[in-house]
Amino acid sequence: MALLFISENDDPSVWKAELAKAIPELEVRVWPECGDADDIEYALAWNPPPGLLASFPNLRFIQALGMGIDPFLTDPKLPKSVPLARLVDPDMVRQMSEFVVHAVLRFHRQSTLYADHQKKRLWRQEAIPDTSGATVGIMGLGMLGADAAAKLEAIGFRVRGWSLRPHEMQNIENFHGRGGFEDFISGVQFLVCLLPLNESTADIINKDTLALLPQGAYVINAARGGHVVEDDLLGAINSGHIAGAALDVFRTEPLPADHPFWPHPNIHVTPHIAALTNPITAARLVAENIQRAAAGQPPDNLVDIRRGY
Ligand code: OXD
């Protein structure tokens with residue numbers, strides 16, 4: 001059995017070494033050196049070139065190297081009968097919650113203001129913001145959203161969540177569906193996007209939704225650039241309606257050097273690092289899924305291609 005490793009972002013040598021510990025007999029080939037296409041039974045992939053996966057007639061399982069699977073769904077030739085699994089590594093969930101909690105606290109505790117005061121050598125104590133009166137709204141209550149919600153709630157924020165389907169969580173006010181969106185977003189001071197990107201969530205942060213947020217709200221996007229209409233967000237920040245944004249993902253990545261987000265004083269840009277796949281923790285989960293597929297069992301975190309997550 002051979003596995004094809006397809007990624008321009010991840011280091012194949014670390015993956016090879018980690019997978020060999022778990023399945024020594026697994027032959028790992030690294031795209032574009034595929035060898036005989038008939039040998040490829042498994043693919044471990046991120047952003048595969050469209051059509052590539054369809055060229056392996058004996059492919060029986062595709063394991064994504066990340067949590068989002070939108071790069072697969074945009075491949076018109078994706079072999080839909082081959083099971084596709086997302087990578088859900090608790091270590092990545094932890095990383096994502098750290099990013100979100102840090103972004104919320106950075107705005108909440110006025111870090112930019114104090115950095116500015118420091119530049120001026122100004123010693124001035126501002127009023128401490130009221131945490132229990134501040135509402136964080138999390139869009140997307142899957143593993144990532146649920147973990148971030150619980151951690152923010154533990155710090156003392158009021159937390160509410162919105163998802164396409166109903167989710168029940170203790171101490172988190174839940175909203176769902178298009179019908180629940182307006183009630184969800186009105187009154188949210190920190191809007192966090194952790195949604196999957198698909199037809200129903202693309203461009204969800206746009207001028208109409210931003211207008212529903214109260215004056216002075218913040219936007220945090222660690223999901224996909226395609227969730228945000230960038231000009232609308234920029235306009236809302238420049239008009240002062242939105243106080244700032246922490247953005248880890250963009251419509252074009254890497255973010256072009258002349259993009260207006262780079263120099264903006266109220267926008268924190270990070271280069272898609274909120275949660276990075278760590279082969280040391282993830283290879284064991286990938287190996288388990290390959291063993292499941294080899295035994296004819298469904299993999300963990302199987303994607304419903306029709307629903308898009
Ligand atoms: C992912 C990502 O989906 O890194 O895992 O964006």
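The exercises below, each with a worked solution, concern a predicted model of a protein chain.

## Exercise 1: The chain as a whole

Task: Determine how the radius of gyration of the chain compares with that of a compact globule, and describe the box, the burial and the contacts of the chain.

Solution: Begin with the secondary structure, which comes to nine helices and twelve strands. Next, take the length of 309 residues, for which a compact globule would have a radius of gyration near 19 Å; the chain has 21 Å, which agrees. The C-alpha atoms fill a box of roughly 65 × 45 × 35 Å when the principal axes are used. Then turn to burial, where 49% of the 309 residues count as buried. Finally, consider the contacts between residues at least 6 apart in sequence, of which 62% join residues at least 24 apart.

## Exercise 2: Surface and charge

Task: State what share of the accessible surface belongs to carbon and sulfur atoms, and how many positive and negative side chains the chain has.

Solution: The accessible surface comes to about 14,900 Å², and carbon and sulfur atoms account for 52% of this area. As for charge, there are 26 positive and 37 negative side chains, and the centres of these two sets lie 5 Å apart.

## Exercise 3: The nonpolar cores

Task: Find which residues touch the most other members of the largest nonpolar core, and which helix gives the most residues to this core.

Solution: The largest nonpolar core holds 69 residues, and within it Phe72 and Ile138 touch the most other members. Helix 3 gives the most to this core, contributing nine residues. A second, separate core has 29 residues, among them Trp162, Phe175, Cys193 and Leu234. To see the surroundings of Phe72, set aside the residues up to four places away in sequence; Phe72 then touches Ala45, Trp46, Pro48, Leu53, Ile62, Ala64, Leu78 and Leu84.

## Exercise 4: Two charged residues of helix 3

Task: Decide whether Asp91 is buried or exposed, establish how Arg106 is classed, and identify the contacts of each residue beyond its neighbours in sequence.

Solution: Locate both residues first: Asp91 lies in helix 3, which covers residues 90-108, and Arg106 also has its place in helix 3. The relative accessibility of Asp91 is 16%, and since buried means under 20%, Asp91 counts as buried. Arg106, by contrast, has a relative accessible area of 31% and is therefore partly exposed. With neighbours within four places in sequence left aside, Asp91 is in contact with Asn278 and Thr281, while Arg106 is in contact with Ser111 and His268.

## Exercise 5: Two pairs separated by 24 residues

Task: Work out how far apart in space Gly226 and Ala202 are, and how far apart Arg106 and Asp130 are.

Solution: Gly226 and Ala202 are 24 residues apart in sequence, with their C-alpha atoms 5.5 Å apart in space. Arg106 and Asp130 are also 24 residues apart in sequence, but their C-alpha atoms are 14 Å apart. For the setting of the glycine, note that Gly226 is found in the loop between strand 10 (217-221) and helix 8 (230-238). Gly226 has a relative accessible area of 17%, so this residue is buried. Leaving aside neighbours within four places in sequence, Gly226 is in contact with Leu197, Ala202, Asp203 and Arg251.

## Exercise 6: Backbone features

Task: Locate the cis peptide bonds that lead to Pro32 and Pro254, and explain why the phi values of Asn47 and Asn301 deserve a second look.

Solution: Start from the general rule that most residues other than glycine have a negative phi, and that most peptide bonds are trans. The peptide bond from Trp31 to Pro32 is cis, with omega near 15°, and Pro32 lies in the loop between strand 2 (27-30) and strand 3 (40-45). The bond from Glu253 to Pro254 is likewise cis, with omega near -5°, and Pro254 has its place in the loop between strand 11 (242-247) and strand 12 (267-269).

Turning to phi, Asn47 has a positive value near 50° and sits in the loop between strand 3 and strand 4 (61-64). Asn301 has a positive phi near 60° and is found in the segment after helix 9 (279-294). For accessibility, Asn47 counts as partly exposed at 48%, and Asn301 counts as partly exposed at 35%.

Technical notes: Residues numbered from 1 in each chain as written. Predicted model: local features only at pLDDT ≥ 70, side-chain atom pairs only at ≥ 80, totals over all residues. Heavy atoms only, no water. Helix = DSSP H or I, 4+ residues; strand = E, 2+ residues; numbered from the N terminus. Buried < 20%, exposed > 50% of the residue type's maximum accessible area, 1.4 Å probe, protein only. Contact = heavy atoms within 4.5 Å. Core = buried A, V, L, I, M, F, W, Y, C linked by side-chain atoms within 4.5 Å. Rg over C-alpha atoms; globule rule 2.2 N^0.38 Å. Areas by Shrake-Rupley, 256 points an atom, 1.4 Å probe, with all protein chains shown as cover. Lys, Arg positive; Asp, Glu negative; His and termini not counted. Charge placed at Lys NZ, Arg CZ, Asp CG, Glu CD.
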